[in-house]
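Biologist: Could you take me through the aromatic pairs in this protein, slowly and in plain words? I'd like to know how the rings sit against each other.

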Amino acid sequence: MKQELFDFLKTDLQFVKGVGPVVAARFEDVLGGRRVLDFLLHRPSGVRRRDITDNVADVTPGDIVTVRLNVQSHKVGGKFRGRRAPSQVVCTDMGGNRVVIQFFNVNFLDYWLKKLPIGEYRVVSGKLERSPRGNWIINHPEFIETVDGADKIPAVQAIYPAGEGLTQKTFAAVRDQVFRALDERVGLNDADDQTREFFDALRHVHFPTDPADLAPHAQYMVKLAYYELLAHQSAIAITRRERRDARHRRPHRAHKYDLMDRFYQILPFELTGAQQRTIDDIRADMARDVPMMRLVQGDVGSGKTMVAMAAAVAMAETGAQTVLMAPTDTLAQQHYAKLAPMCAQMGLVCDILTGRDKGGARREKLVSLRSGRTRLAIGTHALFSDDVAYKDLGLVIVDEQHRFGVSQREAMRAKGTNPDLLALSATPIPRTLSMTIYGDMDVSVINEKPAGRLPIKTTKLPLSRIDALVGRVAAQIDAGAKVFWVTPLVAETAESDMTAAQARFDDLKKFWPNIGLVHGQMDKKQRDAVMAEFADDNSDMPLLVATTVIEVGIDVPRATIIVIENAERFGLAALHQLRGRVGRGALQSYCVLLHGNYLGEDGMRRLDVLCETDDGFVIAEQDLMMRGTGELLGTRQSGWVQYHFVDYREHRDLFKLASRAAMEMNGPTQFILDLMFIFDRRLAVGA
């Protein structure tokens, strides 16, 4: 890429004519950046036609109309019963239909009235509506032009996903400026063929002539999707080569202690075949001179923690240290409560380090880590604080790894000398996605549940049956069960009819005075204390009302019922994760999906999928096919790949083509490096 083109793509949007710092800040909110390049990667989502008509009667109310009108009169709105009536411009079209143009903003009224002088013809474009009395109305038209200037109204308009303070006119003006600069100032004619081809495809997408031009299988959309995948797969290929580079190799770790047999002896259960295969994969990786980069995917309750413990024991056999990093204090504490006793039985020192540790207690833990006495350190991001040092960090285990960004994983790995990395994920990912998101990692899948685990019985129930449900829950609590009750909101709002956690807590407290409540707006220490009390087998807290803060990481084997209120408002992946809070013991567990009256076809299908299966990988595939990756991955989660042109469902063949092209490349060409800059594919999703 020519330096001039490179510099132009990095230009701040505020320097584009007519933008400025205020509008550039608004663009940043929508685009996620404020460079010219960020704008180019923000593709239109649709197309709006504005063909001129002479008769509004030919247009369906609610559609966009572009019509020639003769201005008849002005009526400036005044106050009526304390409210300001809209100002009106009465017009007629060429068929004699009366059309009223209305303005509600009095600040610019003089401007609009001057654009619509009485007795003259104007071409007006906007949304056509019909009042209850049958009048044709256009509120705040988007375009008003003279008949001679009608060509200023685009016959075909690209519609961009916009935000507050940004109009489609603003997007079109910036687009025109950017592409004019690409033609005139930057001079793409001097670029190589591939670069010209890439920007030509971008131009076609930003100037569509038909909705079909923006479909996933449209010619230029496919081309851009391929380039984007090629950039990502090339970054992965480079990362893999660099991992195998001599500079990143490490000396073979000698076997000093025999601990694995003891580990298997103290296990209170027999490992599943999938767990054992995964442990074998990990130990084989550890025996190599190339640092391990392995992802362990396992459904909720599949036993990933024991696999992580086995990896830590295998590393301890070499005398090196392991850290297990969890996303929350609560999850770190639960890991510590489960694994520390096992370490004690094997003579290994296990410690926990979180942001709560202060003063002398913290200093003592840091000394133990620095001396190498602590072999397994469990904690949160506090494990890679500046003052934390390790004698010989050999293995980094990241739990719920999608919650940590690349920089956080890098900071942890920098504490050792090319340590192994083991990532755990309870979010099942279809194989196609796994290849693209974790392409630089080896993947093990734990697709079996531990022996004795019964499938969770899942049913859906309308909210109108909630009284009967409370009675059934009461009978289960009397028999010793613990219950989760999940709501989507913390507090009720005027904008939503959904039940909130606080309101449900107040309601259920009438039946059980000692129930608990947790949500994201609570003080963190208070929230953790309530969760810990609910998880304690000896506590008399029978029910916990919560929002989705319990989605990951709380382990209460006695909890056998989860009620998810307004379940139709959650995505499949979130529902599956929430359901995984029960069924963690040997007792039969139940999930009740409470739904409103207006489910819709998609909402009902999601609940049906949950009722039909508890296989997370089947659910992930269904989620992918039904809704794309929105519910599966969420938006902008740390470490995830966010595509601009790739559609996971429609471009599956392109994944293979791009991966093959990247692997067959001896080294990245300049064009590939340019693509990696354009799509911001850093040299590692996890490196």
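Modeller: Here is a walk through the ring pairs, with a word on confidence before we start. This is a predicted model, where local features need pLDDT of at least 70 and side-chain atom pairs count only at pLDDT 80 or more, while totals for chains, interfaces and linings use all residues. Residues are numbered from 1 along each chain as its sequence is written, and side-chain values use heavy atoms, with hydrogens and water left out.

That pLDDT is the predictor's confidence in each residue, from 0 to 100. The protein has a mean of 85, and 87% of its residues reach 70 or more. Confidence is at its highest in strand E15 (residues 374–379), with a mean of 96, and at its lowest in helix H21 (residues 630–633), with a mean of 38. (Helices, H or I runs of at least four residues, and strands, E runs of at least two, come from DSSP and are numbered from the N terminus.) Over residues 629–640 the pLDDT is below 50, yet this stretch has 36 contacts in the model beyond near neighbours in sequence; a contact means heavy atoms within 4.5 Å.

Now the rings. Rings of Phe, Tyr and Trp (its six-membered ring) pair if their centres lie within 6.5 Å; planes under 30 degrees apart count as stacked, over 60 as edge-to-face and the rest as tilted. The structure holds 18 aromatic pairs.

Take Phe27 and Phe39: their ring centres are 5.9 Å apart and their planes sit at 80 degrees, so this pair is edge-to-face. Phe27 belongs to helix H2 (residues 20–31) and Phe39 to helix H3 (residues 36–40), so the pair ties together parts that are 12 residues apart in sequence. Phe27 and Phe39 are both buried, a label for under 20% relative accessible area, with exposed meaning over 50% and partly exposed in between (1.4 Å probe, protein chains only).

Phe179 and Phe207 also make an edge-to-face pair, at 5.5 Å centre to centre with 75 degrees between the planes. Phe179 is in helix H5 (residues 168–186), while Phe207 is in the loop between helix H6 (193–206) and helix H7 (219–243), so this pair ties together parts that are 28 residues apart in sequence. Phe179 is buried, with a relative accessible area of 2%, whereas Phe207 counts as partly exposed at 32%.

Finally, there's a cluster: ring pairs link Phe198, Phe199, Tyr226, Tyr227, Phe645, Phe671 and Phe679.
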